[in-house]
Every structure is written in structure tokens, then in C-alpha cells.
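Hi,

Here is the structure I promised to pass on. Have a look through it first, and then read my notes below.

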Amino acid sequence: MPKGLRRWYGGGDLHYITCSCYQRRPFLGSASRRDLFLNIFEQVRRKYEFQVVGYVVMPEHVHLLIGEPDERTIAVPMQVLKQRVSQQCHVRGRSASTQDADPPPFWYPRSYDFNVFSEKKIAEKLEYIHWNPVKRGLVESPEQWQWSSYRFYALGEDGPVKIEG
């Protein structure tokens, strides 16, 4: 864990989490991999029963604004999410010549986790999440990036992950 970073669980706070791909490589660079991430994210959300307020899946990282599950810390579902995504991406990306080789790491082992406990911070984090693809030059406006919760808030559209905003 980075020095000085404290994570507080059990208080019912939302958590703003950033997970980065190993060496900031664009392992989520294709639409099919971003779709896969969101499908697995929804499966994990249902299994561990936590609230999702916002998200964005970028080519080399993800930002999530989520609640805590009732019976566990958020670390457990995050570990499951990262493991399932990396396993599925490695399986789908493996060629016959590399089947015996160990796949490279997919994620950095640690994630950035920031407790969000005020309406002002929630709005700030959602704005950052939703405008991230625009700031990175991937799209001209946030509604063009389909791997985020923006369209739920702006247009009332349901996406692959249930939002409880």
C-alpha cells in the first residue's frame, strides 16, 4: 500500500477506486475487452450486492465509484473482479504458441481507494469519471464513450451495469 494511504471500511462510505493495467499498458484497449470488463463487473456487483454510482473503463485503467457490500470489505469483490477480467482476457488472447507460457501481469496489484462521504465529492468524482475519455482525446463528448455511466445520468439509459445514483 502506498505510504500514508489509509482505507476505511465499514462506515457505509462510497469508494472511488482506480485500478490500472500493469505498466499502464492498454489491456482494455479494445471494445470487446471493455465490454467484457463491464459484463464481469455486473456479475460481481450482483454476487456481492454493492451499489455502483459511477464508472468508466479506459484503455489502461478503470475508475469506479461504488458502495461497500453488506458482509465484506470492498477488497473482496475488487479482487474477484480483477482476477476474472485478467483470466478471461488471457484466455481469449492466448495463441497456440503461447499456451505454455505464463501470461504477463494484467493489473498492478494495488488499487487507489478514496473514501467519498459528501455530495460535493460524489459530484466531483462523477464529473472526473465521465469527462476522462474527453480529456484523453478518445471522444469529443462524454456521451460518445459507451463504457461509462454518463449516459445513465445524462440520458436516462440503462447500461450493462446497474447504477444506483
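Cys-19 is buried, as its relative accessible area is just 2%. Keep in mind that this is a predicted model. The sulfur of Cys-19 has its closest cysteine sulfur in Cys-21, but the gap is 9.1 Å, so there is no bond between them. A disulfide would need the two sulfur atoms within 2.5 Å. Cys-21 is buried too, with a relative accessible area of 0%. For Cys-21 the closest cysteine sulfur is in Cys-89, and at 8.3 Å that is also too far for a bond. The disulfide count comes to 0.

Stepping back to the whole chain: there are 165 residues, and 45% of them count as buried. You'll find 4 helices and 4 strands, and along the sequence they run β-α-β-β-α-β-α-α. If you take the contacts with a separation of 6 or more, 71% of them are between residues 24 or more positions apart. The accessible surface is about 9300 Å², and carbon and sulfur atoms make up 47% of that.

Now for the inside. The largest nonpolar core has 43 residues, and Phe-37, Phe-41 and Leu-64 have the most contacts within it. The elements giving two or more residues to this core are β1 (14–20), α1, β2 (52–57), β3 (61–66), α2 (75–93) and α3 (119–135). Which of them gives the most? That is α1, with 7 residues.

Phe-41 deserves a click in your viewer. Leaving aside residues up to four places away in sequence, Phe-41 touches Phe-50, Val-52, Tyr-55, Leu-64, Ile-66, Leu-81 and Val-161.

Helix α1 itself covers residues 31–48, which makes 18 residues. From first C-alpha to last it reaches 26 Å, close to the 26 Å expected at 1.5 Å a residue. The buried residues in α1 are Arg-34, Leu-36, Phe-37, Leu-38, Ile-40, Phe-41, Glu-42, Val-44, Arg-45 and Tyr-48. When you look at that list, remember that an α-helix has 3.6 residues a turn, so residues three or four places apart point the same way. The list also takes in charged residues, including Arg-34, Glu-42 and Arg-45.

Two backbone angles caught my eye. Just after α1, Glu-49 takes a positive phi of about 55°, and Glu-49 is a residue other than glycine. Glu-49 sits in the loop between α1 and β2. Is Glu-49 buried or exposed? With a relative accessible area of 58%, Glu-49 is exposed, because anything over 50% counts that way. The other one is Arg-24, where phi is near 55°, again a positive value in a residue other than glycine. Arg-24 lies in the loop between β1 and α1, and with a relative accessible area of 42% Arg-24 is partly exposed.

One last spot is Asn-115, which you'll find in strand β4 (residues 112–116). Asn-115 has 8% relative accessibility, so it counts as buried. The side chain of Asn-115 makes a polar contact of 3.1 Å with the side chain of Asp-13.

That's the lot from me. Shout if anything is unclear.

Cheers

Terms used. Residues are numbered from 1 along each chain as its sequence is written. This is a predicted model: local features need pLDDT of at least 70, side-chain atom pairs count only at pLDDT 80 or more; totals for chains, interfaces and linings use all residues. Side-chain values use heavy atoms; hydrogens and water are left out. Buried means under 20% relative accessible area, exposed over 50%, partly exposed in between (1.4 Å probe, protein chains only). A polar contact is a pair of N or O atoms within 3.5 Å; within protein, one must be able to donate a hydrogen and the other to accept it, and residues adjacent in sequence count only if both atoms are side-chain atoms. The expected span of a helix is 1.5 Å times one less than its number of residues. Contact means heavy atoms within 4.5 Å. Accessible areas come from the Shrake-Rupley method with a 1.4 Å probe; for residues, only the protein chains shown count as cover. A nonpolar core is a set of buried Ala, Val, Leu, Ile, Met, Phe, Trp, Tyr and Cys residues joined through side-chain atoms within 4.5 Å.
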